[in-house]
Amino acid sequence: MRRERSFRGISMRLARHYLEGLGGEERDETTVVADDWTAELSAEKVGIGPTIELTEVTVVFEGDEETLDPLIERFAQKAMRAGG
């Protein structure tokens, strides 16, 4: 199964760190792997308003549904705390 989620206000470095904390191991700057899941990361600047830009990190999670649902939820909780 493949799921894609985007998170604003976190960096690629922080996203990798969170994924490592959830049991993954960094393969390279854009890939974190575990025994039962893989996450591919990308980032881009997105505009919010006429002059403000934020980094938006997109994570493509791959694994089985039983693994991905709780993984994505735990990652999202960590990512939401990062901004505030």
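Is Phe75 buried or exposed, and at what relative accessibility? I looked this up before anything else, in what is a predicted model, and found that Phe75 counts as buried because its relative accessibility is 0%.

**Aromatic rings**

I then went through the ring pairs, bearing in mind that such a pair is described by the distance of the centres and the angle of the planes. The count came to 3 aromatic pairs. In one of them, Phe7 and Phe75 meet edge-to-face, with 4.9 Å from centre to centre and 75 degrees between the planes. This pair links distant parts of the chain, since Phe7 belongs to strand β1 and Phe75 to helix α2 (residues 65-82), 68 residues apart. Phe7 has a relative accessibility of 7% and therefore counts as buried.

I noted a further pair between Phe61 and Phe75, whose ring centres are 5.9 Å apart and whose planes stand at 70 degrees, so that this pair is edge-to-face. Here too distant parts of the chain are linked, with Phe61 in strand β5 and Phe75 in helix α2, 14 residues apart. For Phe61 I recorded a relative accessible area of 0%, which makes this residue buried. Taken as a group, Phe7, Tyr18, Phe61 and Phe75 form one aromatic cluster.

**Sheet and helix α1**

Next I traced the strands and found an open sheet of 5, in the order β1-β5-β4-β3-β2, with antiparallel pairing. Strands β1 (2-8) and β2 stand at the edges, each with a single partner strand, so one side of each has no neighbour in the sheet. On average, neighbouring strands are turned by 25 degrees against each other, direction ignored. Helix α1 (residues 12-21) packs on this sheet and touches β2, β3, β4 (37-47) and β5, while the direction of α1 makes about 155 degrees with that of β4. Among the buried residues of α1 I listed Met12, Arg16 and Tyr18, and just after the helix I found Gly23 with a positive phi of about 105 degrees.

At the β2 edge I checked the hairpin that β2 and β3 form, with 2 residues between them. Strands β2 (residues 25-28) and β3 (residues 31-33) pair in the antiparallel sense over 3 bridges; Asp28 has Thr31 as its bridge partner, and Glu26 stands opposite Val32.

**Glu56**

Last, I looked at Glu56 in strand β5 (residues 53-63), which counts as buried because its relative accessibility is 13%. The side chains of Glu56 and Arg8 are joined by a polar contact of 2.9 Å. Leaving aside neighbours within four places in sequence, I found Glu56 in contact with residues including Ser6, Phe7, Ser42 and Val46.

How values were computed
Residues are numbered from 1 along each chain as its sequence is written. This is a predicted model: local features need pLDDT of at least 70, side-chain atom pairs count only at pLDDT 80 or more; totals for chains, interfaces and linings use all residues. Side-chain values use heavy atoms; hydrogens and water are left out. Helices (H or I, at least four residues) and strands (E, at least two) are DSSP runs, numbered from the N terminus. Buried means under 20% relative accessible area, exposed over 50%, partly exposed in between (1.4 Å probe, protein chains only). A polar contact is a pair of N or O atoms within 3.5 Å; within protein, one must be able to donate a hydrogen and the other to accept it, and residues adjacent in sequence count only if both atoms are side-chain atoms. Contact means heavy atoms within 4.5 Å. Two strands pair if DSSP finds at least two bridges between them. Axes are lines fitted to C-alpha atoms, for helices over the stretch in contact, and angles run from 0 to 180 degrees between N-to-C directions. Rings of Phe, Tyr and Trp (its six-membered ring) pair if their centres lie within 6.5 Å; planes under 30 degrees apart count as stacked, over 60 as edge-to-face and the rest as tilted.
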